[in-house]
Amino acid sequence: MSQHAVVPSVTENGVAELLQNNGLDGTPVVLPYRDFGYESGQCHISAKHHVIAHGGKRVHGWALWRYDHPDAESMYVAEHHSIWEDASGQLVDVTPPRDGAAAILFLRDDTATINSEGENYLIRTDLTNWPEVPRLFAGESIFYEFVPFDPAAPPAAIADYAASLNFDMAHYLTEPGIG
């Protein structure tokens, strides 16, 4: 499978299949990326940091990607993703998209919140259109809906990025009114 992510068209059959196979409702929209200086790969922190600094709301959903392979069916992936909704209701991706894309195909999903279980925060796994590989986490096949992490000792990439923004991990969870 190609490691290069492609932004699919909303009309591709694989997009419809991905949504149907995973019980996702709604119509995906193309969202432009606007550079506010955030790093790639940490959308949940970047979007929430932007809300705290500029108002609006963090919105959860799915960034949709296609991975092509010359000898196999393309894999469509719904990556759990957070974006910024400004005070006027405009949706903006503040996190640099994969592989230098200028925009993402985004499906808003207000049920795709970030919650906790006990002392752990729960990160959602990515969804695919392949029944034999229903979920991915860090590019690896997984069969769990969530992967937990301890907010007092988060994975290094999360901890380092949060520290670089002076971001309080207590705000990582979905909060009423601001996402």
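**Strand β9, its partners and the spaces around them**

Both faces of strand β9 are covered: Asp 126, Thr 128 and Trp 130 on one side, and Leu 127 and Asn 129 on the other, are all buried. The model is a predicted one. In a regular strand, side chains alternate between the two faces of the sheet. Strand β9 spans residues 126–130, and five of its five residues are buried, so the strand is largely enclosed by the rest of the structure.

Strand β9 has pairing partners in β4 and β10. Strands of a sheet pair through backbone hydrogen bonds, in either a parallel or an antiparallel sense. β4 pairs with β9 over two bridges, and the sense is antiparallel. Here Ala 78 stands opposite Leu 127 of β9. β10 also pairs with β9 in the antiparallel sense, over three bridges. Asp 126 stands opposite Leu 136 in β10. Trp 130 stands opposite Val 133, again in β10. β9 and β10 form a hairpin, with two residues between the strands.

The chain then enters another hairpin. Strand β11 covers residues 140–142, and three bridges join it to β10 in an antiparallel arrangement. Phe 137 has Glu 140 in β11 as its bridge partner. Two residues lie between β10 and β11 in this hairpin. One residue of the turn, Ala 138, has a positive phi of about 55 degrees.

Several of these residues also border the largest pocket. This pocket holds about 930 Å³ of space. Its lining is made up of 36 residues. Glu 79, Arg 98, Asp 126, Ala 138 and Gly 139 lie nearest the centre. Thus Asp 126, a buried residue of β9, is one of the residues nearest the pocket centre. The turn residue Ala 138 is another of that group. By class, the lining has 21 nonpolar, ten polar and five charged residues. Strand β4 gives the most to the lining, with five residues. At least two residues each come from α2, β3 (57–69), β4 (72–85), β8, β10 (133–137), β12 (146–149) and α3.

Strands β8 and β12 belong to an open sheet of three strands. The order in this sheet is β7-β8-β12, and the pairing is antiparallel. β7 (116–117) and β12 are the edge strands, each pairing on one side only. Four bridges join β8 to β12. Leu 122 has Pro 148 in β12 as its bridge partner.

The largest nonpolar core has 18 residues. Ile 45, Val 94, Phe 149, Ile 158, Phe 167, Met 169 and Tyr 172 touch the most other members. Two or more core residues come from each of α2 (43–54), β8 (120–124) and α3 (156–164). Apart from this core lies another, of 16 residues, including Met 75, Val 77, Leu 91 and Ala 101. Within the largest core, Phe 149 illustrates the packing. Leaving aside neighbours within four places in sequence, Phe 149 is in contact with Asn 120, Tyr 121, Ile 123, Pro 154, Pro 155, Ile 158, Met 169 and Tyr 172.

The loop between β6 and β7 offers two further cases. Thr 113 lies in this loop, which follows β6 (103–108). With a relative accessible area of 18%, Thr 113 is buried, because buried means under 20%. Leaving out residues up to four places away in sequence, Thr 113 touches His 60, His 80, Arg 124 and Thr 174. Thr 113 and Gly 61 are 52 residues apart in sequence, yet their C-alpha atoms are 8.3 Å apart in space.

Asn 115 also has its place in the loop between β6 and β7. Asn 115 is partly exposed, with a relative accessible area of 39%. Leaving aside neighbours within four places in sequence, Asn 115 is in contact with Asn 120, Tyr 121, Leu 122 and Leu 173. Thr 174 is 59 residues from Asn 115 along the chain, and the two C-alpha atoms are separated by 6.4 Å.

Key:
Residues are numbered from 1 along each chain as its sequence is written. This is a predicted model: local features need pLDDT of at least 70, side-chain atom pairs count only at pLDDT 80 or more; totals for chains, interfaces and linings use all residues. Side-chain values use heavy atoms; hydrogens and water are left out. A nonpolar core is a set of buried Ala, Val, Leu, Ile, Met, Phe, Trp, Tyr and Cys residues joined through side-chain atoms within 4.5 Å. Buried means under 20% relative accessible area, exposed over 50%, partly exposed in between (1.4 Å probe, protein chains only). Contact means heavy atoms within 4.5 Å. On a 1 Å grid over the protein atoms alone, a cavity is a set of points where a 1.4 Å probe fits but cannot get out, and a pocket is an open set with protein on both sides within 12 Å along at least five of seven lines; lining residues have an atom within 4 Å of a point. Grid points are joined across faces, edges and corners, and a volume is the space filled by probe spheres set on the points. Ala, Val, Leu, Ile, Met, Phe, Trp, Tyr, Cys and Pro count as nonpolar, Asp, Glu, Lys and Arg as charged, and the others, Gly among them, as polar. Two strands pair if DSSP finds at least two bridges between them.
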